[in-house]
Amino acid sequence: MTHDKGIYAGLLAAKKHGEKKLVVLFDPDKLRLKKMEQTLDLAVECGVDYFFIGGSLVVNNMLDGLLAQIRQRCPVPLILFPGNSFQLSYRADGILFLSLISGRNPELLIGQHVISAPFLKMSPLEIISTGYMLVDGGVQTAVQYMSNTYPIPAHKDDIAVCTALAGELLGLRMLYLDAGSGAKTPVSESMIEAVSGAVSIPLIVGGGIRTPEKVAANLRAGADLIVVGNAIEQDPVLIREMAAAVKDFQPVLGNDSGTVNG
Ligand code: 1GP
């Protein structure tokens with residue numbers, strides 16, 4: 001049976017106290033062993049909060065192996081971020097049970113969920129239903145092609161807000177605003193601010209984030225979790241700066257007013 005491992009409860013508590021989270025995304029198809037070990041060690045050293053594991057197209061059958069390798073080396077919670085219903089494993093701690101609410105592809109709104117539900121119901125994973133909102137990032141990303149959906153236009157904050165509201169009202173427990181891996185233009189601060197002001201569930205933001213300045217700007221705009229994949233994969237040492245940007249934003253200890261440093 002599915003387990004509550006406290007991941008979501010932790011995220012809700014963090015949101016309540018204004019604490020922000022840094023997530024590193026690993027795509028099992030892009031494994032480079034040496035960089036991987038360096039990345040894991042840096043993630044532990046810098047206090048990365050979660051790892052997301054997944055990709056639009058996992059072709060190398062390395063998911064279990066990758067999860068085992070990470071687990072052996074570090075204690076950071078592992079959350080599946082599956083591109084399809086083949087990317088499931090009991091070796092993770094939790095899973096984003098994604099509904100692609102920015103799109104109109106019924107397979108990704110409910111079809112794949114029906115297929116994976118019996119597996120997930122029996123699994124030890126903590127299941128966190130998440131409204132996934134793909135936003136135009138200036139290039140056609142893998143997720144856009146593979147999902148056969150249109151992203152939300154980058155400047156249509158109102159569409160993003162209405163989509164997010166619908167997701168929250170449907171009972172989804174988190175929202176993920178994603179410009180897609182390798183996006184040229186990440187999600188704008190204006191869209192993040194509009195969405196975070198409209199809903200009260202935790203907001204994940206990712207896609208094309210390459211600098212600590214953009215991390216800080218997204219947090220100021222209201223993102224609760226920041227996901228970085230490509231940039232860290234290319235230069236693992238960037239974790240230090242990204243983590244420092246998140247840390248700068250944490251609430252001042254002992255201050256109940258929610259004041260932040262950032
Ligand atoms: C993609 O949000 C993630 O789904 C991360 O994107 O690889 O561009 O950081 P990047």
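A polar side-chain atom of Y176 sits 2.8 Å from an oxygen atom of the ligand. That is a good place to start exploring this predicted model. From there we can look at the ligand's other neighbours, and then at strand β7 (residues 203-206) and the strands beside it.

**Around the ligand**
- S181 also offers a polar side-chain atom, and this one lies 2.7 Å from an oxygen atom of the ligand.
- G207 makes its approach with the backbone: a backbone N or O atom lies 3.0 Å from an oxygen atom of the ligand.
- On its own the ligand has 310 Å² of accessible area, and the protein covers 97% of it.
- There are 13 residues around the ligand, and those that come nearest are D178, S181, G182, G208 and G229.

**Inside strand β7**
- In a regular strand, side chains alternate between the two faces of the sheet.
- Here, L203 and V205 point one way, while I204 and G206 point the other way.
- All four of these β7 residues are buried.

**Neighbours of β7**
- Strand β6 (residues 174-178) runs parallel to β7, and four bridges join the two.
- One pairing to find in the structure is D178 with its bridge partner in β7, G206.
- Strand β8 (residues 225-228) is also parallel to β7, joined to it by three bridges.
- Here you can look for I204, whose bridge partner in β8 is L225.

**Helices that link the strands**
- Helix α7 (residues 189-198) forms a right-handed β-α-β unit with β6 and β7.
- Helix α8 (residues 212-221) forms a right-handed β-α-β unit with β7 and β8.

Note on methods
Residues are numbered from 1 along each chain as its sequence is written. This is a predicted model: local features need pLDDT of at least 70, side-chain atom pairs count only at pLDDT 80 or more; totals for chains, interfaces and linings use all residues. Side-chain values use heavy atoms; hydrogens and water are left out. Buried means under 20% relative accessible area, exposed over 50%, partly exposed in between (1.4 Å probe, protein chains only). Two strands pair if DSSP finds at least two bridges between them. A crossover is right-handed if, with the strands pointing away from the viewer, the path from the first strand over the helix to the second runs clockwise. A residue is near a molecule or strand if one of its heavy atoms lies within 4 Å of it. A polar contact is a pair of N or O atoms within 3.5 Å; within protein, one must be able to donate a hydrogen and the other to accept it, and residues adjacent in sequence count only if both atoms are side-chain atoms. Accessible areas come from the Shrake-Rupley method with a 1.4 Å probe; for residues, only the protein chains shown count as cover.
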